[in-house]
Amino acid sequence: MPGTILHTGTTATCPHGGALNIVAASPRVSVSGMPVAVLTDQGLVAGCVFTLPNGKPQPCVTTRWIAAATRVLASGQPVLVNPAAALCLSAEQIPSGPPIIAASQTRVIAT
């Protein structure tokens, strides 16, 4: 799965427009001056306003990363690449779709 490497400064949103922030657990490896995101890192969503048709709020709050680079590691973990294989989840762990990556680093392509 080749693509540009995601990092803590990646600009991303949930499918409903909430801001996705990647929290890097191990900031030892960086690209574009920011810690690289790996498969075990958290993706936290803020500001999602999704509501079910019955009126129950069901905002995205986290992201579950599903796949990452196959041959590029940072601190022993596969790095996340764009396009991101992930799902945004509600507090009840109900998936609502993949995150939308608007911008990531542009210099390194991982495979």
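**Figure 1. The protein chain of this predicted model contains 14 strands and zero helices.** Read from the start of the sequence to its end, the pattern of elements is β-β-β-β-β-β-β-β-β-β-β-β-β-β. The radius of gyration is 14 Å, close to the 13 Å that the globule rule gives for 111 residues, so the protein chain is as compact as a globular protein of that length. Along the principal axes, the C-alpha atoms of the protein chain fill a box of roughly 45 × 20 × 20 Å. Of the 111 residues, 39% are buried. The protein chain exposes about 5,800 Å², and carbon and sulfur atoms supply 60% of that area. Where contacts link residues at least 6 apart in sequence, 63% of them join residues at least 24 apart.

**Figure 2. Close-up of Asp41, in the loop between strand E5 (34-35) and strand E6 (42-46).** Asp41 is buried yet has no salt bridge. The nearest side chain of opposite charge belongs to Arg28, which is 13 Å away from Asp41. A salt bridge requires a side-chain nitrogen of Lys or Arg within 4 Å of a carboxyl oxygen of Asp or Glu, so Arg28, at 13 Å, does not form one with Asp41. The side chain of Asp41 instead reaches the backbone nitrogen of Val38, at 2.9 Å. When residues up to four places away in sequence are not counted, Asp41 touches Ile22, Val23, Ala24, Ala25, Val36 and Trp65.

**Figure 3. Close-up of the salt bridge between Lys56 and Glu92.** The structure holds one salt bridge. The side chains of Lys56 and Glu92 meet in it at 2.8 Å, N to O. Lys56 lies in the loop between E6 and strand E7 (60-67), and Glu92 in the loop between strand E11 (85-90) and strand E12 (95-97), so the pair ties together parts that are 36 residues apart in sequence. Side chains of opposite charge can pair when their charged atoms come close. Lys56 counts as partly exposed because its relative accessibility is 34%. Glu92 also counts as partly exposed, with a relative accessibility of 46%.

**Figure 4. Close-up of Gln93, a residue with positive phi in the loop between E11 and E12.** Although Gln93 is not a glycine, its phi is about 65°. Most residues other than glycine have a negative phi. Gln93 has a relative accessibility of 43% and therefore counts as partly exposed. The loop between E11 and E12 that holds Gln93 also holds Glu92 of the salt bridge.

**Figure 5. Close-up of Ser75, in the loop between strand E8 (73-74) and strand E9 (77-78).** Ser75 is not a glycine, yet its phi is positive, at about 55°. With a relative accessibility of 45%, Ser75 counts as partly exposed.

**Figure 6. Close-up of the cis peptide bond between Asn82 and Pro83.** The omega angle of this bond is about 10°. Pro83 is found in the loop between strand E10 (81-82) and E11. Most peptide bonds are trans.

**Figure 7. Close-up of Pro2, in the segment before strand E1 (3-5).** Pro2 counts as exposed because its relative accessibility is 54%. The C-alpha atoms of Pro2 and Met34 are separated by 20 Å, and the two residues are 32 residues apart along the chain.

Technical notes. Residues numbered from 1 in each chain as written. Predicted model: local features only at pLDDT ≥ 70, side-chain atom pairs only at ≥ 80, totals over all residues. Heavy atoms only, no water. Helix = DSSP H or I, 4+ residues; strand = E, 2+ residues; numbered from the N terminus. Rg over C-alpha atoms; globule rule 2.2 N^0.38 Å. Buried < 20%, exposed > 50% of the residue type's maximum accessible area, 1.4 Å probe, protein only. Contact = heavy atoms within 4.5 Å. Areas by Shrake-Rupley, 256 points an atom, 1.4 Å probe, with all protein chains shown as cover. Lys, Arg positive; Asp, Glu negative; His and termini not counted. Polar contact = N/O pair within 3.5 Å; in protein donor to acceptor, adjacent residues only side chain to side chain.
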